[in-house]
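This report concerns one protein chain. Please consult the sequence and the structure shown below while reading.

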Amino acid sequence: FEDLDHVFEMIKVYDGNSSFRRRIFRVITVSRQATTEQLLTTALRAFHITKDPGNFYLTDIYASEDTRLAEVRLTDPLPVMNLHRKEGKRPAVFLRFRDRDNDSGEVRVYPGKLQVSEAYCTVPVNGETTIADLIREALIRFGLENFKCEDYRLSEILLDRGVTERVLTWDERPWEIVKQLGKDSIRQMELMRFYLQLKQDPHGPNLALFVGNLPPNLSQRNYENMLTEFLGKENKFSSIGPIYYEYGSMVITYEDSNKAVRALYILRETTYDDKHLLVMLLPNIEPSMVPQGVQPLLVFVNVKSGGCQGLELISSFRKLLNPYQVFDLDNGGPLPGLYVFRHIKDYKILVCGGDGTIGWVLQCLDNVGQDSECSSPACAIVPLGTGNDLARVLRWGPGYTGGEDPLNLLRDVIDAEEIRLDRWTVVFHPEDKADDKGQQPLNPSGSTSEDNTQIFVMNNYFGIGIDADLCLDFHNAREENPNKFNSRLHNKGVYVKMGLRKMVGRKMCKDLHKEIRLEVDGKLVELPQVEGIIILNILSWGSGANPWGPEKEDQFSKPNHWDGMLEVVGVTGVVHLGQIQSGLRSAMRIAQGGHIKIHLNSDIPVQVDGEPWVQSPGDVVVLKSALKATMLKKNKIKRRNTEPSILPANGEGGKSSDDIDATMLKKMKGKMKRRNTEPLMLVSPGAQFVVAQDASANHNNTAF
């Protein structure tokens, strides 16, 4: 690769002053012979910016520092070779918006809750245009010219870190707002929107607050008394509910918006058991706002999965979709989003995370489904975890790399087919022991009854023995140093090291076949000499391995994840596990059936969908769950180019993203009713619908 260093150069790209201060950049790799146009196109692609490259330019960061003068623009010939360099650092450039060269442009105004047919309107602006002018022109373009301008307000929505809203004053200048954002961060400028709203909400003044981090499983009266004590009687809520008892979370509603805002700030400063309460102001989405035949998309992102990829995705989806339909799972989990969509009769879910994240969302759906209009929305996946076994089976891939255009991910959700996923109830009933109740799961996601019976829902697989023992060691190591486990490669390396230690150390699972008794569909199964058994619902385990192996002639039927059957396989030890994961061998096929009972004679490591612990002696029963899951399976279609299409600097040639959207719409005709060029149903802050790409964008001006 040393020879390539003489041909290619890695360059850090900062998209503004704020990004430079925060040390947030993207790295691009370009030829040292690249032209300025090629360098600019690559930089724009790194930030998924599809606007006309003629509106942007690049400057040499270190040249500006050396000369103490204005920023030095990159020019031909050989802009890469002419970059200033600092010892031990990669060359760095600023991506800049041509604000001085653009005295005018276009901004997009979105209609919020206004009942209009357009998803947005595009309004020409210049340095003299005020917010009052913009409101007046937007009303005309939305066909609302007969309404009073004074009854409306315009808000600036920023989507960079979370969703923030600022009501603009009438004398502010929108084009100056855009240009100032561009100086701080081109990405933030791209993630900013103007929303037109009535000053008085026609859907009523009710405001809902989601409150979490309270103790679980208290009575409604106890929760009401606790919140009243925190808030004071003068700020008491109008109603409470639903209450998610096992999570210690609930929704409280106010009829007075001023009182709701006071309560929001009071509760955010409140602590219980040394933990701050989690408080969110929830958006209101009414079914009447969703056109007939349309499926809105609810997006959940686990920002802690996949390194920084979760943060990148949540920003991208908040730009492409409406920000209020994209939820950060680190902020209240899936419950707030499911509550907001509870009255929508037909919608889809996109889960960005690992297998554990998908299980979390499905578990919350189980708990709130009976109170929702849509009890089992179809779920798609963007795999961000380490294993991603369910995502692999459903063709969503081994893991999101960051190279795919997020808009293409949304297209894949549209094209995906619905498929059923069997789910299973795993019941652990330990033997009665006065002095030993056995270990509890490290992060219990099941329920426990008075007789110490524990119940879990299994989506993927259930392991007993050596597989669970390794999983437990890995889990403990990650709990001790979570910051070290931020890449798939590192995680797999840790697994390998732990496996090698197991080979030479004490064998806790030796002669496992003597420590358990297995019954399948009421028949006793004689176990071979194994150190572990794995019960499979899906044919992917351990980051993509298939323990069941390829199809062959035997007494077993061909398995799938909707046939009401489980597959039981055995592994002889750590070496066998490694051979299965590397594809050299399959596991030992033991049984196949729909009802499994296992008796444990001693303390044995177990894991359900990657959640491990040591289980005390007793009975384990695996039976078909009444809970259903509808998943989305990615279609086997040739994926279009994963990079966004960018027009050349002269605006001619190439294929724009608008052309791609038009092609996509033709494919969707008859499946969904769309207006304009909407590739997906996107809910705006007031649940009006907006488009991801503009088929009528004028590349001579810049639209935001």
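The sections below treat model confidence, a sheet with its packed helix, and a contact between two helices.

## Model confidence

The model is predicted. The mean pLDDT of the protein chain is 80, and 79% of the residues reach at least 70.

Two stretches have pLDDT below 50. For residues 1–5, the model has one contact beyond near neighbours in sequence. For residues 640–704, it has 176 contacts beyond near neighbours in sequence.

## The five-stranded sheet

Five strands form an open sheet with mixed pairing, in the order β7-β6-β10-β8-β9. The edges are occupied by β7 (121–126) and β9 (164–167); each has a single partner strand, so one side of each is left without a neighbour in the sheet. On average, and with direction ignored, neighbouring strands of this sheet are turned by 35° against each other.

Within the sheet, β8 (residues 152–158) and β10 (residues 192–198) run antiparallel and are joined by seven bridges. L158 has M192 of β10 as its bridge partner. Helix α5 (residues 131–141) packs on the sheet, where it touches β6 (104–110), β7, β8 and β10. The direction of α5 makes about 150° with that of β7.

## The α8–α9 contact

Helix α8 (residues 220–231) and helix α9 (residues 257–268) have axes that come within 9 Å and cross at roughly 95°. Because angles of 65 to 115 degrees count as roughly perpendicular, α8 and α9 are described as roughly perpendicular to each other.

On the α8 side the contact is made by L227, F230 and L231, and on the α9 side by A263, I266 and L267. By class, the residues of this contact comprise six nonpolar, no polar and no charged.

Technical notes. Residues numbered from 1 in each chain as written. Predicted model: local features only at pLDDT ≥ 70, side-chain atom pairs only at ≥ 80, totals over all residues. Heavy atoms only, no water. Axes fitted to C-alpha atoms, helices over the stretch in contact; angles between N-to-C directions. Helix = DSSP H or I, 4+ residues; strand = E, 2+ residues; numbered from the N terminus. Parallel < 35°, antiparallel > 145°, perpendicular 65-115°, else oblique. Contact = heavy atoms within 4.5 Å. Nonpolar A, V, L, I, M, F, W, Y, C, P; charged D, E, K, R; others polar. pLDDT = per-residue confidence, 0-100. Pairing = 2+ DSSP bridges.
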